[in-house]
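Student: I would like a close look at a single part of this model, and at how that part fits into what surrounds it. Please take me through it in one connected answer.

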Amino acid sequence: MAQMTMIEAVRSAMDVMLEKDPKVIVMGEDVGYFGGVFRCTAGLQKKYGIERVFDTPINESAIVGMGVGMATQGMRPCVEVQFADYMFPAYDQITQEAARIRHRSAGQFTCPMVIRMPTGGGIFGGQTHSQSPEALFTHVAGLKVVQPSSPLDAKGLLIAAIEDPDPVIFLEPKRIYNGPFDGHHDTKSVGWAGHPLGEVPEGYYKTPLAKASVYREGEAITILAYGTMVYVAEAAVKEAEVDAEIIDLRTLLPLDLETIVASVQKTRHCMILHEGTRTSGFGAELIAEVQEACFYHLEAPIKRVTGWDAPYPHAQEWDYFPGPKRVIRAIKETLEA
């Protein structure tokens with residue numbers, strides 16, 4: 001089986017779908033000749049031509065708006081927004097048009113469209129290249145929101161997203177594009193080569209949406225994480241020597257509550273880990289869901305470790321980034337409560 005980085009896996013997913021389905025097109029800023037800012041689309045225009053893989057003007061609202069129009073007319077656009085931070089001009093098109101078309105047309109039109117966005121920090125991108133806006137999408141009815149944590153899932157989930165009949169926000173954690181990351185910025189990163197989740201089938205396969213993964217089984221506490229934070233959680237668990245269960249959510253909307261509840265009812269403790277800001281972040285929704293479903297099973301309040309309520313700082317990135325030390329402290333506080 002081939003070894004791929006997440007970049008290569010994302011590219012392979014689009015390659016497979018461009019070949020399989022003539023209705024699939026790829027568009028965005030620099031995705032054609034240049035192959036995308038992170039090279040996720042490198043070589044696709046040469047293989048499939050400028051009518052199916054093409055560059056657009058620097059206008060996110062127009063890019064997404066055109067994708068919405070194409071999707072309603074039977075195409076399956078896979079749109080790239082260069083950084084999730086740049087999606088705000090397109091937010092109106094995403095939330096007022098793409099998310100609502102099925103409902104406002106009483107099912108006469110659907111919007112089978114994927115909007116890919118590199119997300120999160122850890123690459124010294126500063127406040128305009130490091131944001132984690134997933135909570136702005138999970139609040140919107142009509143959208144699906146996906147965030148993979150490995151090359152294997154990235155390809156399978158992206159293929160499933162492209163085939164989905166409704167709009168999917170596909171958030172790619174750029175800190176782990178080239179390898180897992182444990183939150184220690186002063187240690188050498190490990191590449192995907194040799195990692196079991198870097199083994200990716202070259203052909204067609206799907207990873208189902210709305211299904212979480214038990215990344216690590218354990219008995220003492222459940223940690224809910226996604227994207228880069230799955231590996232931060234893993235590092236913290238190893239350093240703390242705690243028998244924790246790590247759930248990789250993979251799809252944030254709709255949420256796989258069944259897997260979450262089963263885990264929390266087993267461990268009776270829960271903590272939540274994400275990069276986005278704390279106040280009204282996705283962790284707040286997770287706490288509410290777990291509290292409603294598992295109140296009589298919990299032995300301690302649910303803790304959350306998140307980004308701070310501040311613009312993402314360039315100079316103090318590693319103070320903002322949720323690292324293993326903060327996770328270990330939260331685990332201990334939960335277990336000792």
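Tutor: What follows starts from one residue, Leu136, and moves outward to the pocket, the sheet and the annotated domain.

The model is predicted. Leu136 sits in helix H6, which covers residues 134-138. Is Leu136 buried, exposed or partly exposed? Its relative accessibility is 35%, and because buried means under 20% and exposed over 50%, Leu136 counts as partly exposed.

Which residues does Leu136 touch, leaving aside those up to four places away in sequence? They are Met87, Phe88 and Tyr91. Thr95 can be placed by distance: 41 residues separate Thr95 from Leu136 in sequence, while their C-alpha atoms are 9.6 Å apart in space.

Helix H6 also has a part in the largest pocket. Two elements, H6 and strand S13 (270-277), each give two or more residues to the lining of that pocket. The largest share comes from S13, with four residues. In total 21 residues line the pocket, and those nearest its centre are Gln131, Ser132, Pro133, Gly276 and Thr277. The volume of this pocket is about 330 Å³.

Next comes the sheet. Seven strands form an open sheet with mixed pairing, in the order S3-S2-S4-S5-S7-S6-S12. The edges are held by strand S3 (53-55) and strand S12 (251-253); each has a single partner strand, so one side of each is left without a neighbour in the sheet. On average, and ignoring direction, neighbouring strands of this sheet are turned by 20 degrees against each other.

Strand S6, residues 144-146, belongs to this sheet. S6 pairs with strand S7, residues 168-173, in the parallel sense over three bridges. Within this pairing, Lys144 stands opposite Val168 in S7. In general, the strands of a sheet pair through backbone hydrogen bonds, parallel or antiparallel.

A helix can be placed against the same sheet. Helix H3 (residues 60-72) lies across strand S2 (24-28), S3, strand S4 (76-80) and strand S5 (114-119). The direction of H3 is at about 165 degrees to that of S2.

Finally, the record. An unreviewed UniProt entry lists residues 4-179 as "domain: Transketolase-like pyrimidine-binding". In the model, this span is 36% helix and 16% strand, and the C-alpha atoms at its ends lie 10 Å apart.

Definitions and conventions. Residues are numbered from 1 along each chain as its sequence is written. This is a predicted model: local features need pLDDT of at least 70, side-chain atom pairs count only at pLDDT 80 or more; totals for chains, interfaces and linings use all residues. Side-chain values use heavy atoms; hydrogens and water are left out. Buried means under 20% relative accessible area, exposed over 50%, partly exposed in between (1.4 Å probe, protein chains only). Contact means heavy atoms within 4.5 Å. UniProt positions are given in the numbering used here, feature names are shortened, and annotations may be inferred rather than shown by experiment. Two strands pair if DSSP finds at least two bridges between them. Axes are lines fitted to C-alpha atoms, for helices over the stretch in contact, and angles run from 0 to 180 degrees between N-to-C directions. On a 1 Å grid over the protein atoms alone, a cavity is a set of points where a 1.4 Å probe fits but cannot get out, and a pocket is an open set with protein on both sides within 12 Å along at least five of seven lines; lining residues have an atom within 4 Å of a point. Grid points are joined across faces, edges and corners, and a volume is the space filled by probe spheres set on the points.
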